[in-house]
Amino acid sequence: MENDQEKEELKIPETLPLLPVRDVVVYPYMIIPLFVGREISISAVDWALSRDRLIFLATQKDIADEEPSPDDIYTVGTVAMIMRMLKLPDGRVKILVQGLAKATITEFVETKPFFSVRIDRIIEPVISETSLETEAFLRTIKEQISKITSLGKSISSEVTVILENMQDPGSLADLIASNIGLKVDEAQKLLEIVDPIERLKKVSEYLNKEIELLSMQARIQSAAKEEMGKTQREYFLREQLRAIQQELGEADARSEEMSELRKAIEDAKMPATAEKEALKQLSRLEQMHPDAAESNMLRTYLDWLVELPWSKSTKDVLDIKRARTILDEDHYYLEKIKDRILEFLAVRKLKKKMKGPILCFVGPPGVGKTSLGKSIARAMGRKFLRISLGGVRDEAEMRGHRRTYVGALPGRIIQGLKQGGSNNPVFMLDEIDKLGSDFRGDPSSALLEILDPEQNHAFSDHYINLPFNLSNVMFIATANQIDPVPSALRDRMEVIRLSGYTEEEKLEISKRYLIPRQITENGISEEIVAFSDEAIKTIIAKYTREAGLRNLEREIGSICRKVARKVAEGKKQKTVITANSIARYLGPPKFLREMEMESNEIGVATGLAWTPVGGEVLFVEATIMKGKGGLTLTGQLGDVMKESAQAALSFIRSKTAEFALPDDFYTNLEIHVHVPAGAIPKDGPSAGVTMATALVSALTKIPVRRDVAMTGEITLRGRVLPIGGLKEKMLAAIRAGITTIIIPDQNVKDLDEIPKHILKKIKIVSAAKIDDVLKLALEKYPAAAPPVKSTPSKQKSPARRAPSTPKVVS
C-alpha cells in the first residue's frame with residue numbers, strides 16, 4: 001500500500017525535459033547511472049537540475065543515431081529523478097537517476113536547445129486482492145529466477161532477496177525485466193504493457209526462453225569440457241610414456257619428431273577430412289619401427305600434407321586502375337586480354353566468392369603469352385606458377401603416382417602449389433597443344449577435371465588421395481594452335497587469340513622493352529648506345545620475318561654485344577645505330593620483300609596463308625604448255641589445296657565464253673600449278689581464289705597485279721567462301737609490301753576486331769564471286785566472246801545475274 005500512497009502523493013508536471021537514452025529501458029523504481037555526452041541531452045539535464053530535478057527518459061529506436069528526431073524516439077518512457085550529477089574531464093556528464101512512474105509523450109513542445117515534451121502519466125490498475133492465479137504466477141516467476149540463477153545467470157544477491165519478498169506483480173515484473181538483460185525492443189514492449197498481470201505473463205515467457213538458452217549453453221560447455229578432459233588425458237598419458245621411454249634409455253628424438261609433426265598438422269589448418277587422415281597416418285607412423293620400409297614413405301606423405309597450402313592464400317589487389325597501369329607497363333596494346341583481366345578484377349571486387357577463370361591464350365611464338373601471365377599475376381598481387389606441358393605423355397604427371405610405387409610423387413599441379421605456398425596463384429599451363437598420349441595414359445583427360453570449375457573444387461591427386469580445392473586458382477593455358485587440343489578440353493577454356501604484331505607495334509615494343517632489356521643484359525647503358533627509329537624498322541623489315549618478337553630481340557642483342565665489345569676494347573664514344581649502319585653489325589639483309597623483286601607477271605598470283613607461327617605470303621604459279629590435257633600440281637600440296645585447284649579449273653572450263661577461251665582448250669594443253677618452297681608441306685582451304693586467278697591469267701595471257709593479294713575458297717559456281725586467320729594474313733601482307741587485299745564478302749564482319757591502325761595501312765576489298773576477284777587482281781578483265789545463240793526452250797532458264805562489282809571496305 002505504501003507504493004500506492006507514493007504514487008498518489010507524487011506530483012509530476014505536465015511538461016518535462018526529455019533525455020533520449022540509447023541502449024537501455026528505464027523502469028519505475030529502477031536506479032541506474034547514465035553517461036550523457038550529446039549537447040542536447042546535457043542541456044536537458046541542466047534544465048532539470050535547475051528546477052525540480054525531474055526528467056523524462058525515453059529510449060531511441062536506433063542506438064546509432066546521433067541526432068534522433070521525435071519520430072525516432074519511443075513514446076512510452078519513465079519519469080525519473082536525478083539523484084546525483086558528476087561532470088567528467090572529457091566534457092560528458094554522469095548522472096544517477098531513479099525511475100518514478102511511467103508516462104506517454106503526447107506532444108513535443110520544444111526541440112531546441114533540448115527536447116521538451118508534454119506527457120500523460122500512465123496509472124496502473126491497483127490489485128487489491130491477490131488471486132490464486134496471481135499467486136501461482138508469482139511462485140512460478142520466483143522458481144524461474146532460482147533456476148536461471150542456478151544455470152549461471154548473474155543476478156546479485158541483494159536483488160534476489162528483494163525478489164523473494166516482493167508481492168506486487170507490476171513491481172516484480174519491472175524489477176526482473178531490468179536484471180535479466182533483455183534486448184531493447186523486448187524491454188520496451190514490456191514497459192508499454194499497462195496491466196501488471198499481463199506484464200508478469202510476458203516476463204514469464206522471457207524467463208522460459210532464457211532457461212532454454214542457458215540449458216543449451218550448459219550442455220555445450222559440458223561437451224566441450226568432456227572433450228577437453230579427453231585431450232588432457234591423452235596429453236598426460238603421452239607425457240607419461242615419454243618419461244618411461246627416457247627412463248628406459250630409448251632415444252627421445254623420435255618422440256620430439258612426432259610431436260613436431262603433430263603440431264605441424266594442427267597448424268596446417270587442413271579441412272576436417274584431410275586432418276583426420278593425417279592424424280590417422282601419424283598414429284600408424286608412431287607405432288612403426290623407424291627402420292621399417294613403410295616408415296619413410298609415410299613420413300614423406302605427411303610432409304607433403306603439412307606443406308600444402310590448404311588455407312594459405314594471397315589477398316587479391318582489387319585496384320583496377322593500378323592493375324591497368326601494371327598491364328600497360330609490361331605489355332603494349334593487347335587490349336582484349338587486358339580488358340578481360342580487368343573485368344575479372346571488377347567482378348571479384350563486387351563478389352567476394354567466385355571461381356577462378358580458365359583462360360587459353362592462342363597465338364604464334366614470341367607474342368608474349370607467357371610473359372602476359374606473369375604480368376597478370378603481378379597486377380592481381382598473386383603468385384605466378386608455370387609448368388610446361390610440351391611432350392608430357394604420362395597421365396601421372398598431372399594426377400600423381402599411387403603411394404604404393406617406389407619413388408611416388410604428387411602430380412605437377414600439387415607440386416606447383418606446394419612450391420608456390422598459396423592456394424590461389426596464377427597457374428600457367430604452357431604449350432597445352434603439345435600434350436601427347438601413349439600406353440601410360442592421356443594427360444589431356446586428366447586436365448578435364450583440373451580445368452572444370454564444377455569439379456576442381458575437390459581435385460583428388462593419386463598420391464595425396466584427398467580432395468584439394470583448385471577453384472581459387474586462376475589457370476591460364478597457352479597454345480600455338482587450338483586444333484590439336486581435344487574438343488572436350490577446349491570447351492572448358494575461354495580462348496583468347498593473340499595475333500602477330502604490326503611494324504609500328506614492334507617498333508614501340510622495341511623502344512619500350514626490348515632495347516632497354518638487351519642494353520642491361522649486355523652490361524652497357526643508354527649513354528653508350530642508341531637506336532634510331534629507322535634502324536629498328538630496318539631490322540624488323542629486312543632481318544626478321546615473324547609474328548612475334550624473339551628474332552627481333554635476338555638481332556638487337558647481337559648489336560648490343562658488338563657495341564659492348566667495342567666498349568671493353570676501350571671505345572668511349574656513344575654509338576648511334578642508324579639504318580645505314582645496320583649491315584655492319586648484322587650483315588646483308590636476310591629477307592627482301594617479294595614485291596621488290598617481282599613485277600606484274602602472267603600466271604603468278606599472290607595468296608595469303610595462315611600458319612601456326614603467323615601469316616605468310618604464298619605465291620601460286622601456273623604455266624600452260626602444249627599437250628594432251630592434264631593438270632599437274634607440285635609444291636607438296638595437301639588434299640584440300642589439290643581439290644581447290646581442281647575446283648578452280650572446273651569453274652574456268654564452265655565459263656570459257658566469258659573468258660574468251662575455246663571450248664576445247666583443255667584437250668590440247670598441259671596445265672602445271674606450282675607453289676614455291678616445295679620442301680614445305682602446304683594445305684588449307686583459303687587458296688582457291690589464288691589458284692583460279694593464276695589459272696585465268698595463264699590462260700588469257702593477262703598479267704596479275706603484283707600489289708594485290710587475295711584469300712578465300714572457291715566453289716564450282718564461282719562463289720568466294722569465308723576463311724579464318726584474317727588478322728594474321730593482313731599482317732603478313734603488310735610486311736610484304738602489299739597495298740590491296742581481297743577478302744571474302746562474309747569476312748567483312750571480322751574487320752571490327754582488327755585495330756584501326758592496321759586497317760589504315762592497306763586497302764581492303766570484299767568479293768562475293770570470283771568475277772570480283774579477277775576484275776581487281778588482273779591488269780584487265782578478260783574480254784568476253786559474243787554470246788552464243790541458243791534455241792528457245794519451253795523450260796524457263798535461270799536468270800543470268802549481272803557480274804557483281806567488288807566493294808572497297810577499307
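1. Let's start with what packs over helix 18. In this predicted model, the buried residues of helix 18 are covered by several elements, including helix 11 (320-330), strand 14 (529-531), helix 19 (533-542), helix 20 (550-568) and helix 26 (756-759). The buried residues themselves are E505, K506, L507, I509, S510, Y513, L514, I515, Q518 and I519. You may like to colour these before reading on.

2. Stay with helix 18 a moment, for its geometry. The helix runs over residues 503-521 and bends by about 55° at S510. S510 is also one of the buried residues of this helix. Just past the end of helix 18, G523 has a positive phi of about 70°.

3. Now for the nonpolar cores. The largest holds 52 residues, and W310, L429, I432 and F475 are the ones that touch the most other members. Helix 10 (residues 293-307) is the top contributor to this core, giving six residues. There is also a second, separate core of 50 residues, with M474, I509, I519 and I577 among its members. Two of those names will be familiar from helix 18, where I509 and I519 are buried.

4. I432 deserves a closer look. Apart from its neighbours within four places in sequence, I432 is in contact with L389, L447, L451, A477, T478, A479, V485, L489 and M493.

5. Which loop holds D316? D316 lies between helix 10 and helix 11. Helix 11 is already known to us as part of the cover over helix 18. D316 counts as buried because its relative accessibility is 9%, under the 20% cut-off. Its side chain makes a polar contact of 3.1 Å with the side chain of R348. Leaving out neighbours within four places in sequence, the contacts of D316 are R348, M380, R382 and N424.

6. T575 makes a nice companion case. This residue sits in strand 15 (residues 575-577), and I577 of the second core is worth viewing alongside. With a relative accessible area of 6%, T575 is buried. The side chains of T575 and K571 are joined by a polar contact of 3.4 Å. Setting aside neighbours within four places in sequence, T575 is in contact with I528, V529, A530, V563 and Y585. Strand 14 (529-531) and helix 20 (550-568), both in the cover of helix 18, are good places to look for some of these partners.

7. For contrast, turn to T273. Is T273 buried or exposed? T273 is exposed, with a relative accessible area of 52%. The residue belongs to helix 9 (residues 272-287). T273 and I123 are 150 residues apart in sequence, and their C-alpha atoms lie 64 Å apart in space.

8. Finally, the chain as a whole. Its secondary structure comprises 27 helices and 25 strands. The radius of gyration is 45 Å, well over the 28 Å that the globule rule gives for 810 residues, so the chain is more spread out than a compact globule. The C-alpha trace spans about 140 × 85 × 80 Å along its principal axes.

9. Some totals to keep beside that picture. Of the 810 residues, 45% are buried. Among contacts with a separation of 6 or more, 74% are between residues 24 or more positions apart. The chain exposes about 42400 Å², and carbon and sulfur atoms supply 51% of that area.

Technical notes:
Residues numbered from 1 in each chain as written. Heavy atoms only, no water. Bend = angle between axes of the 7 residues up to and from the residue. Helix = DSSP H or I, 4+ residues; strand = E, 2+ residues; numbered from the N terminus. Buried < 20%, exposed > 50% of the residue type's maximum accessible area, 1.4 Å probe, protein only. Contact = heavy atoms within 4.5 Å. Core = buried A, V, L, I, M, F, W, Y, C linked by side-chain atoms within 4.5 Å. Rg over C-alpha atoms; globule rule 2.2 N^0.38 Å. Areas by Shrake-Rupley, 256 points an atom, 1.4 Å probe, with all protein chains shown as cover. Polar contact = N/O pair within 3.5 Å; in protein donor to acceptor, adjacent residues only side chain to side chain.
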